[in-house]
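Reader: I would like to go through the charged pairs and the packing of this model. Please keep the answers short.

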Amino acid sequence: MLYVPIVLGLVALWVIYGYNQLIVLRARVRNAWSQIEVQLRMRHDLIPNIVATVKGYATHEKDVLTQVVEARGKAMGASTVSGKEEAEGALTGALKSLFALAEAYPELRANENFINLQQQLLEVEKRLAYTRQFYNDTVMKYNTRVQVFPSNILATVFHLEQEPYFQAGAESQAPVEVKF
C-alpha cells in the first residue's frame with residue numbers, strides 16, 4: 001500500500017513534466033512563426049519602394065508591376081501557414097519577373113536606389129530563408145514529441161495537434177517568365 005502514493009506521485013510528475021515539454025515546444029513553434037512574419041513584413045515593406053523605382057524606368061511594363069503589387073496584397077492578407085506558403089510563392093515568382101525585367105533596362109540596373117533596394121531585399125530573403133528553416137526545425141521537434149510514445153498519450157489527452165511545415169510553393173520554384 002505504501003507504493004501506491006509513490007507510483008501515483010511519479011505518474012503525476014511525469015504528466016506535469018511531459019505536458020510542460022510539449023507546451024514549451026509549441027511556444028517555440030509559435031515564436032518561430034512570428035519570426036517568419038517579421039521577415040515577411042520587412043519584405044512586404046520593401047516592395048512598394050522597388051516597384052516605384054522600376055516604374056520610373058519601365059513605364060510600359062505595367063503587367064509585371066501589377067503582378068507584383070497584387071501578389072504582395074495577397075501575401076499580406078494570407079493568415080494560415082498554407083495560405084502564406086502559396087501567397088509568398090506567388091510573390092517570389094512575381095519578384096523574379098520584376099528583377100528579370102530590370103535586366104532589360106541598363107539605366108535601372110545602374111540606379112543607386114534600385115541597387116540599394118535590391119541589396120536590402122536580398123538580405124531580407126536570406127533572413128527569411130533562415131527563419132523558415134528554423135521554424136521547420138522547431139516544428140519537427142514538436143511534431144516528433146507529439147507522435148512518439150509516451151508523450152503522444154499526453155498530446156492526445158490535452159488535444160495538442162501537429163503543426164504544419166512551411167514549404168516552398170510551386171510558384172517559387174517555377175522558372176522566371178519575362179515578356180517584352
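Reader: Are arginine 43 and glutamate 88 buried or exposed?
Author: The model is predicted: local features need pLDDT of at least 70, side-chain atom pairs count only at pLDDT 80 or more, and totals for chains, interfaces and linings use all residues. Residues are numbered from 1 along each chain as its sequence is written, and side-chain values use heavy atoms, with hydrogens and water left out. Buried means under 20% relative accessible area, exposed over 50%, and partly exposed in between (1.4 Å probe, protein chains only). By that scale, arginine 43 and glutamate 88 are both buried.

Reader: Which helices do the salt-bridge partners arginine 43 and glutamate 88 come from?
Author: A salt bridge puts a side-chain nitrogen of Lys or Arg within 4 Å of a carboxyl oxygen of Asp or Glu. Arginine 43 and glutamate 88 form one at 2.4 Å, N to O. The partners are 45 residues apart and link distant parts of the chain: arginine 43 in helix α1, glutamate 88 in helix α3 (residues 81-102). Helices (H or I, at least four residues) and strands (E, at least two) are DSSP runs, numbered from the N terminus.

Reader: How far apart are the closest N and O atoms of arginine 41 and aspartate 45?
Author: Both residues sit in helix α1 (residues 3-57), 4 residues apart, so about one helical turn separates them. Arginine 41 is partly exposed at 42% relative accessible area. Aspartate 45 is partly exposed too, at 39%. Their salt bridge has its closest N and O atoms at 3.4 Å.

Reader: What is the N to O value for glutamate 123 and lysine 126?
Author: These two are 3 residues apart in helix α5 (residues 112-147), so about one helical turn lies between them. Glutamate 123 is partly exposed, at 36% relative accessibility. Their side chains meet in a salt bridge at 3.8 Å.

Reader: Which residues do shared salt-bridge partners join into one network?
Author: The model has 4 salt bridges in total. Those with shared partners build one network of Arg43, Glu88 and Glu125.

Reader: Which element gives the most to the largest nonpolar core?
Author: A nonpolar core is a set of buried Ala, Val, Leu, Ile, Met, Phe, Trp, Tyr and Cys residues joined through side-chain atoms within 4.5 Å. The largest one has 26 residues, with Ile50 and Leu98 among those with the most contacts inside it. Elements giving two or more residues are α1, α2 (62-77), α3 and α5. The top contributor, with 8 residues, is α3.
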